[in-house]
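User: I would like to go through the helix packing and the ligand surroundings of this structure, one question at a time.

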Amino acid sequence: MKITAFNGSPRGKNGNTHVMVEEFLKGANDAGADVENVFLAEKEIKPCKGCFGCWVKTPGKCVIKDDMEGSLSKFMSSDIVVFATPLYADNVTGIMKNFIDRRIPILDPHLEKDEKGECRHPSRYEKSPKIVVISNCGFPEQNHFEVLKLLFRRIARNTHSEVIAEIYRGGGEILKEHPLIIKPFVWKYKKLLRKAGREIVETLKLTEETMSQLEKPIISKEQYINGANNRWDGLLSIKKC
Ligand SMILES: Cc1cc2nc3c(=O)[nH]c(=O)nc-3n(C[C@H](O)[C@H](O)[C@H](O)COP(=O)(O)O)c2cc1C
């Protein structure tokens, strides 16, 4: 089984999203999957021009010559893809949005009805990779991911796929850098992410237990808010000196 993660954080390897993806892929790899981690920030993926050249002029192939061609071929040859993104303005990052848009060559321009009678485009491919979503955000609550939940459900429908797991982490700014005192709590969360990676390879889904554990805060909301405000105060006072 091939699993490829596409990380849309501008911080790439230095980001909080990467902490989540790395652990998830470790677990998947332990369970026997062949895993790859693609940092979109290191790629040149220009915005879609909307020319429909990939539908008419060169069917199935984008006319823009950049890193998307290689990335799309990795995407389509995977059994599972991970869309990994930090939350930006309640949505995916710009880098991730460009990547999502540039997947349009996989579709054929004609209209067809899905099983519910709603229109979509046929796929040029027999099989689409299944989708896992991984995201983190700065605010501590889990409800900030509402837009992402709907977005990826629609993306899956439009591209003949399915979302098999969603891992969202409110209060994610403590993942990469944190005081020593909360290290054990982050460690416990990382262990859970590895378990999730293993479960996906073994059963193509997460157990109810894992899903419910993943939704729990790493530290209390008050502790997170105090820590964040102290950190910002510290950074602002350094600037003033
Ligand atoms: C431009 C921008 C927009 C953001 N928008 C949100 C937001 O809407 N909600 C939120 O909770 N956090 C928001 N954040 C915070 C990021 O989601 C958070 O810093 C996250 O940990 C970044 O992950 P990364 O280190 O993988 O890039 C935003 C950050 C930036 C830079």
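User: Is the crossing of α5 and α6 left-handed or right-handed?

Analyst: This is a predicted model, in which local features need pLDDT of at least 70 and side-chain atom pairs pLDDT 80 or more, while totals for chains, interfaces and linings use all residues. Residues are numbered from 1 along each chain as its sequence is written, and side-chain values use heavy atoms, without hydrogens and water. For α5 and α6 (helices being DSSP runs of H or I, at least four residues), the crossing, judged by whether the near helix is turned anticlockwise or clockwise from the far one by less than a right angle, is left-handed.

User: At what angle do the axes of α5 and α6 cross?

Analyst: Axes are lines fitted to C-alpha atoms over the stretch in contact, with angles from 0 to 180 degrees between N-to-C directions. The axes of α5 and α6 (residues 208–215) come within 10 Å, and they cross at roughly 145°.

User: How are α1 and α5 oriented to each other?

Analyst: Helix α1 (residues 16–30) packs against α5 (residues 183–203) with the axes 6 Å apart and an angle of about 45°. Angles under 35 degrees count as roughly parallel, over 145 as roughly antiparallel, 65 to 115 as roughly perpendicular and the rest as oblique. The two helices, α1 and α5, are therefore oblique.

User: Which atom of the ligand lies 2.7 Å from a polar side-chain atom of Arg11?

Analyst: The ligand is surrounded by 15 residues (a heavy atom within 4 Å), with Ser9, Arg11, Thr17, Asn136 and Glu173 the closest. The side chain of Thr17 places an N or O atom 2.6 Å from a ligand oxygen, and a polar side-chain atom of Ser9 is likewise 2.6 Å from an oxygen atom of the ligand. For Arg11, the ligand partner at 2.7 Å is an oxygen atom.

Note on methods
Polar contact = N/O pair within 3.5 Å; in protein donor to acceptor, adjacent residues only side chain to side chain.
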